[in-house]
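Please walk me through this protein, beginning with its overall make-up and then turning to the places where its helices and strands meet.

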Amino acid sequence: MAREENRPITDLGTLKALAHPLRMQLYRGLCVARKATASQLADQVDEAVSLVSYHLRKLAEHGLIEEAGTQSADGRERWWQPSSDGVSIRDKDFRDAPERAAAHLAATRLFHEQRADMYRRYLDERPTWRPEWNAAAPDNESLLRLTAAELAELGEELLALAKKYDEKGRAADAAGDTEGRENVALHVYGFPFRN
């Protein structure tokens, strides 16, 4: 079965499964590693392997991750991988009931807090990165005057551009062109505001 490119999450159970701080860390870690064991992920998040295994099974119950098959000669380790290339969680899919809207808002806040933590960690570690990485890392703010339709169009174009670069990087990685290549997080927010 072919992997989903970007899995839409529309049910409350799956949203709640992903919107757990440790599970989101594990999911993000799997997206970066592409395949990993519970013990590898436990080292990354500094948690017990048994706890990580439990949360990986919860993610698997909701179809967010899947077993990756045997990756070692002895076959004793259980490997995991994301079941799709990403997920999308849209506000419009959770507006039909107050409980669903509240869960979506809580999940969104968690995701943004974790992204902000990632960026703060980069800022704290900035002196350890080579100058070319610090010069290349964009830090922009644009204050635009748009309609909702124009903002949606801009978001789609930015997503398509990020996907183009992701595919380029993954293809180079697969071809063995790994020198100077690092994991890069790109966080884009667009939202209306009033003065």
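What percentage of the 195 residues of the protein count as buried? In this predicted model, the buried share is 25% of the 195 residues. The C-alpha trace spans about 60 × 50 × 35 Å along its principal axes, and the chain contains seven helices and five strands. Read from the N terminus, these elements follow one another as β-α-α-β-α-α-β-β-β-α-α-α. If one takes the contacts between residues at least 6 apart in sequence, 64% of them join residues at least 24 apart.

A useful place to begin is the sheet. Three strands make up an open sheet with the order β2-β4-β3, and their pairing is antiparallel. The edge positions belong to β2 (36–37) and β3 (65–67), each of which pairs on one side only. Strands of a sheet pair through backbone hydrogen bonds, in either a parallel or an antiparallel sense. Here β2 and strand β4 (residues 79–82) are joined in the antiparallel sense over two bridges, and in β4 it is W80 that stands opposite A36. Helix α2 packs on this sheet, where it touches β2, β3 and β4, and the direction of α2 makes about 90° with that of β4.

Strand β2 also holds T37. Is T37 buried or exposed? Because its relative accessibility is 4%, and the buried class covers values under 20%, T37 counts as buried. Once the neighbours within four places in sequence are left aside, the residues in contact with T37 are E77, R78 and W79.

Helix α2, already met on the sheet, also packs against other helices, and the next one to consider is α5. The axes of α2 (residues 21–33) and α5 (residues 98–125) come within 11 Å and cross at roughly 60°. Why is α2 described as oblique to α5? The crossing angle is roughly 60°, which lies between the limit of 35 degrees for roughly parallel and the 65 degrees at which roughly perpendicular begins, and therefore α2 is oblique to α5. The crossing of these two helices is right-handed. On the α2 side the contact involves P21, M24, Q25 and R28, which meet L110, F111, Q114, R115 and M118 in α5. Sorted by class, this contact of α2 with α5 comprises five nonpolar, two polar and two charged residues.

The contact of α2 with helix α3 (residues 38–45) can be read in the same order. The two helices pack at an angle of about 115°, and their axes are 10 Å apart; α2 passes α3 in a right-handed crossing. From α2, the residues L22, Q25, L26, G29 and L30 meet L41, Q44 and V45 in α3. The residues of this contact of α2 with α3 divide into five nonpolar, three polar and no charged.

A last stop lies further along the chain, in helix α7 (residues 148–174), which includes A162. With a relative accessibility of 29%, A162 counts as partly exposed, because that value falls between the 20% below which a residue is buried and the 50% above which a residue is exposed. A162 and L186 are 24 residues apart along the chain, and their C-alpha atoms are separated by 8.1 Å.

Key:
Residues are numbered from 1 along each chain as its sequence is written. This is a predicted model: local features need pLDDT of at least 70, side-chain atom pairs count only at pLDDT 80 or more; totals for chains, interfaces and linings use all residues. Side-chain values use heavy atoms; hydrogens and water are left out. Axes are lines fitted to C-alpha atoms, for helices over the stretch in contact, and angles run from 0 to 180 degrees between N-to-C directions. Helices (H or I, at least four residues) and strands (E, at least two) are DSSP runs, numbered from the N terminus. Angles under 35 degrees count as roughly parallel, over 145 as roughly antiparallel, 65 to 115 as roughly perpendicular and the rest as oblique. A crossing is left-handed if the near helix is turned anticlockwise from the far one by less than a right angle, and right-handed if clockwise. Contact means heavy atoms within 4.5 Å. Ala, Val, Leu, Ile, Met, Phe, Trp, Tyr, Cys and Pro count as nonpolar, Asp, Glu, Lys and Arg as charged, and the others, Gly among them, as polar. Two strands pair if DSSP finds at least two bridges between them. Buried means under 20% relative accessible area, exposed over 50%, partly exposed in between (1.4 Å probe, protein chains only).
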